[in-house]
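Hi everyone, thanks for coming. Today I'd like to walk you through a protein model at an easy pace, and I'll pause on a few questions along the way.

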Amino acid sequence: MERDEAFIRLALEEAAVALEHGDVPVGAVLARGDEVVARAHNSRELLKDATAHAEIAALRLGAERTGDWRLVGHELFVTLEPCPMCAGAVVAHRLDRLVFGSWNTQAGAAGTLYNVPEDPRLANRVAVTRGVLAEECAKLLDGFFADLRM
């Protein structure tokens with residue numbers, strides 16, 4: 001659990017960077033063992049790209065750095081439960097495990113609305129650990145959305 005929390009804390013650092021350019025504060029860290037392979041944050045507003053989610057950016061960077069789109073042996077740590085697009089990318093990249101912090105009640109696809117990573121109908125399945133540092137992750141998101149409503 002300490003290891004998971006350490007990687008989620010790094011993802012929280014990435015999420016804070018997203019705030020600097022007005023993006024929803026979500027961060028992701030791709031790891032292999034104890035090594036950080038890639039770190040990323042949401043950049044939809046910055047890049048004007050609906051697919052510029054933290055997870056997608058971390059997976060793309062990880063594939064580039066490893067030289068393979070197959071990320072077997074890797075884990076993705078994310079501050080917010082992935083949406084269907086990102087959950088699908090996690091499965092497509094063949095990760096070993098997904099770890100997330102806060103639940104995504106509006107678009108969660110790793111247990112809330114759907115469970116794409118663990119769906120037995122898919123050829124690849126990814127183990128999921130849920131709710132790591134959930135309160136800290138939710139607090140960052142809640143603050144962002146509260147500021148938008150002001």
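I'll take the pocket, then a histidine, an aspartate, the salt bridges, and finally a helix and two loops.

Before we start, please keep in mind that this is a predicted model.

Let's begin with empty space. Rolling a probe the size of a water molecule over the atoms shows where empty space is left. What volume does the largest pocket have? The value comes out at about 480 Å³. Around that pocket we find a lining of 20 residues. If you want to find its centre on your screen, look for Val 24, Leu 80, Asn 104, Gln 106 and Phe 145, which lie nearest to it. Which element gives the largest share of the lining? That is helix H5, residues 134-149, with 4 residues. As for chemistry, the lining is a mixture: 9 residues are nonpolar, 6 are polar and 5 are charged.

Now please find His 41, which sits in strand E2, residues 35-41. Is His 41 buried or exposed? We call a residue buried when its relative accessible area is under 20%. His 41 has 16%, so it counts as buried. Its side chain has some polar company. One polar contact, at 2.9 Å, is with the side chain of Glu 14, and another, at 3.2 Å, is with the side chain of His 21. If we skip the neighbours within four places in sequence, the contacts of His 41 also include Ala 15, Val 17 and Ala 18, as well as Val 26, Gly 27, Ala 52 and Ala 54.

Next comes Asp 23, in the loop between H1 and strand E1. Its relative accessibility is 0%, so Asp 23 counts as buried too. A polar atom of the Asp 23 side chain lies 2.7 Å from the backbone nitrogen of Glu 45. Here is a nice example of folding to look at: Asp 23 and Arg 44 are 21 residues apart in sequence, and their C-alpha atoms are 6.5 Å apart in space. Again leaving aside neighbours within four places in sequence, Asp 23 is in contact with Ala 18, with Asn 42, Ser 43, Arg 44, Glu 45 and Leu 46, and with Phe 144.

Let's turn to salt bridges. How many are there? The count comes to 11 salt bridges. I'll show you three of them.

One joins Glu 136 and Arg 9, with the closest N and O atoms 2.9 Å apart. Glu 136 is in helix H5 and Arg 9 is in helix H1, residues 2-19, so this pair ties together parts that are 127 residues apart in sequence. Both ends are partly exposed: Glu 136 has a relative accessibility of 37%, and Arg 9 has 38%.

Another links Arg 97 to Glu 75, at 2.7 Å between the closest N and O atoms. Arg 97 belongs to strand E4, residues 97-102, and Glu 75 to strand E3, residues 75-80, so you can see why this pair is said to link distant parts of the chain, 22 residues apart. Here the ends are buried, with 17% for Arg 97 and 12% for Glu 75. These two also belong to a network of salt bridges that links them with Arg 3, Asp 4 and Asp 34.

The third is between Asp 68 and Arg 70, at 3.2 Å from N to O. Asp 68 is partly exposed at 28%, and so is Arg 70 at 38%.

Now for helix H4, residues 84-92. Which residues of H4 are buried? They are Cys 86, Ala 87, Ala 89, Val 90 and Val 91. What do these buried residues pack against? Their partners are helix H3, E3 and E4.

After H4 comes Arg 94, in the loop between H4 and E4. Arg 94 has a positive phi of about 65°, although it is not a glycine. With a relative accessible area of 33%, Arg 94 is partly exposed.

Leu 133 is another residue other than glycine with a positive phi, near 55°. You'll find Leu 133 in the loop between strand E5 and H5. At 14% relative accessibility, Leu 133 counts as buried.

That's my tour, so thank you for listening, and do ask me anything you like.

Note on methods: Residues are numbered from 1 along each chain as its sequence is written. This is a predicted model: local features need pLDDT of at least 70, side-chain atom pairs count only at pLDDT 80 or more; totals for chains, interfaces and linings use all residues. Side-chain values use heavy atoms; hydrogens and water are left out. On a 1 Å grid over the protein atoms alone, a cavity is a set of points where a 1.4 Å probe fits but cannot get out, and a pocket is an open set with protein on both sides within 12 Å along at least five of seven lines; lining residues have an atom within 4 Å of a point. Grid points are joined across faces, edges and corners, and a volume is the space filled by probe spheres set on the points. Helices (H or I, at least four residues) and strands (E, at least two) are DSSP runs, numbered from the N terminus. Ala, Val, Leu, Ile, Met, Phe, Trp, Tyr, Cys and Pro count as nonpolar, Asp, Glu, Lys and Arg as charged, and the others, Gly among them, as polar. Buried means under 20% relative accessible area, exposed over 50%, partly exposed in between (1.4 Å probe, protein chains only). A polar contact is a pair of N or O atoms within 3.5 Å; within protein, one must be able to donate a hydrogen and the other to accept it, and residues adjacent in sequence count only if both atoms are side-chain atoms. Contact means heavy atoms within 4.5 Å. A salt bridge is a side-chain nitrogen of Lys or Arg within 4 Å of a carboxyl oxygen of Asp or Glu.
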